[in-house]
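User: I am new to this structure and would like a close look at a single part of it, the sheet together with the helix that lies across it. Please take me through that part slowly and explain each term as it comes up.

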Amino acid sequence: WEGERTGLMSFVDAAVVVLTGFNQDFWITCRQRFVSNALATLTLVPALVMIGTSSLSRLRKTPRRRYLEGALLAVGTLVIVNLLSAWYGHTLQRTLGLAYSLLPLLLWAAVRFGPLSVSLLQLVSTSAILWAALNREPFLLSEVLALQMLLAVLNSLSITLSVVMSESRRLQAFHSTVLNSMRNAVAITDADGVVIDANPSWTTAGKTRSLCRLDGVPVHAHYIDDRREAAAAGSPDAARILGGLDPVLTGSRKLFEMEYACRETDEPRWFSVSVVPLKGAQPGAVITHNDITERKRHEAVTQQLREELAQAGRVMTMGMLSASLTHELSQPLSAILVNGQAAQRLAMRGIDADEPELQEILADIIAASRRAGGILQRLRRSFASGSTKHYEPLNLNDVVRDVLDLTRSDLIRRGVSVNRQLA
């Protein structure tokens, strides 16, 4: 908008000059007015805008060394303008050399101080150069036009550079602020797996780096090579992260997540890792490493409470059933056992000793009663009040025998014979 307004005002100025008779050539006058207005705009407007928008509080926060550097820049500008104009400014061509000599100072101000310092330096240097040119021997109008165009180009380049540098620093500061504000350890890698940036949580882990952890790889180090060495040393977690990171870097996978435990101490620490592609023109990946030990502890406590609650429900139901069954079946089973043992003793005294079937029947009665009593006892122990999950060795041979004993009557009735070959 400033450029359009400058061009429009130049046409108006040239038209007024031609109509009033001060000049006859409209286009030459328009060109002269345009260059003069452009130089004035590039010199005055940035300085006025930057002064008006600058805050004193921001200036107070500036370190003292920056004030010293700014004073040195101002003194250098005054020295160059005064000395060179006094020694070499006798002609307009040498005045152009004076303008070129200020270019390093303008670049210095653009890189180190930003738009405010550049605009003030442009205002001082341009005014000084024009003053030096006006106080020298007469010169042609074309020479003045060349000087104005040179100053306009220098001012536009320096103010553009200062704005670009200031915006670049602002974006870098914003990027660093966002990255440093993340609680989790975050690292950014390029397409080759080299860590190009990381937040303090990531770099701090590298100072006391554990062999089993997947974070802490220094900035500018090759993350993939580092993890390959760990995988070659026998780390399964390093092999898993390599298997997930490569597809993300190649673009064949949009997300990779994993959890792993670091068991260097008596109590393991749990971590989660997520890898996503780096959005933008530069390919790469963003690795997020999070400590989830507390979450795993809470999950374990929750799972234990859930199991205890389920066990309590089973105990309440089966405890009453076990007590009822035990009470109801204990006396009949005891009677069966006593009667069976008595019948066996009578048979052993010689009564029908040639009848083996009687012995077999009586033995079955005794075995069945004992088995029933054992089942009730195990049921009571399994659902005893306050019991928790319990593990004990199990003999598969005993399981097979119990199954055959339970199904013996059905097998005999159906005419099925079973040959046992137990280990």
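Analyst: What follows goes from the whole chain to the sheet, then to the helix, the core and the disulfide.

This is a predicted model, in which local features need pLDDT of at least 70 and side-chain atom pairs count only at pLDDT 80 or more, while totals for chains, interfaces and linings use all residues. Residues are numbered from 1 along each chain as its sequence is written, and side-chain values use heavy atoms, with hydrogens and water left out.

The secondary structure of the chain comes to 15 helices and 5 strands, where helices (H or I, at least four residues) and strands (E, at least two) are DSSP runs numbered from the N terminus. Of the 423 residues of the chain, 29% count as buried; buried means under 20% relative accessible area, exposed means over 50%, and partly exposed lies in between, with a 1.4 Å probe and protein chains only. Among contacts with a separation of 6 or more, 55% are between residues 24 or more positions apart, a contact being heavy atoms within 4.5 Å.

The sheet is open and has 5 strands in the order E2-E1-E5-E4-E3, with antiparallel pairing; two strands pair if DSSP finds at least two bridges between them. E2 and E3 stand at the edges with a single partner strand each, so one side of each is left without a neighbour in the sheet. Neighbouring strands are turned by 20 degrees against each other on average, direction ignored, where axes are lines fitted to C-alpha atoms, for helices over the stretch in contact, and angles run from 0 to 180 degrees between N-to-C directions.

Strand E1 (residues 185-190) is joined to strand E2 (residues 195-198) by 3 bridges, and the two run antiparallel; within this pairing, Ala187 has Ala198 of E2 as its bridge partner. The hairpin of E1 and E2 has 4 residues between the strands, and there Gly193 takes a positive phi near 90 degrees. E1 is also joined to strand E5 (residues 284-291), again antiparallel, by 6 bridges, and here the bridge partner of Thr189 is Ala285 in E5.

Across E1, E3, strand E4 (269-277) and E5 lies helix H11, running at about 165 degrees to E3. The 15 residues of H11 should span 21 Å at 1.5 Å a residue, and its end C-alpha atoms are 22 Å apart, which agrees; the expected span is 1.5 Å times one less than the number of residues. Just after H11, Gly251 takes a positive phi of about 90 degrees.

The buried residues of H11 are Asp237, Ala238, Ile241, Leu242, Gly244, Leu245, Pro247, Val248 and Leu249, and what covers them includes E1, H10, E3, E4 and E5. One of these residues, Leu245, is found in H11 (residues 236-250) and counts as buried because its relative accessibility is 1%. Leaving aside residues up to four places away in sequence, Leu245 touches Tyr223, Ile224, Val275, Ala285 and Ile287. The C-alpha atoms of Leu245 and Gly193 are separated by 8.6 Å, although the two residues are 52 residues apart along the chain.

Leu245 also appears in the largest nonpolar core, which has 24 residues and in which Trp202, Tyr223, Ile241, Leu245, Val273 and Val275 touch the most other members. Such a core is a set of buried Ala, Val, Leu, Ile, Met, Phe, Trp, Tyr and Cys residues joined through side-chain atoms within 4.5 Å. E1, E2, H10, H11, E3, E4 and E5 each supply at least two residues of this core, and the largest share, 5 residues, comes from H11. Tyr223, not counting residues up to four places away in sequence, touches Gly193, Val194, Val195, Trp202, Leu214, Val217, Ile241, Leu245 and Ile287.

Finally, edge strand E3 takes part in a disulfide, as Cys212 is joined to Cys262 with an S to S distance of 1.6 Å; the rule is a pair of cysteine sulfur atoms within 2.5 Å, and the count comes to 1 disulfide. The pair links distant parts of the chain, 50 residues apart, with Cys212 in the loop between helix H9 (200-207) and helix H10 (223-232) and Cys262 in strand E3 (residues 256-262). Cys212 is buried, with a relative accessible area of 17%, and Cys262 is buried as well, with a relative accessible area of 7%.
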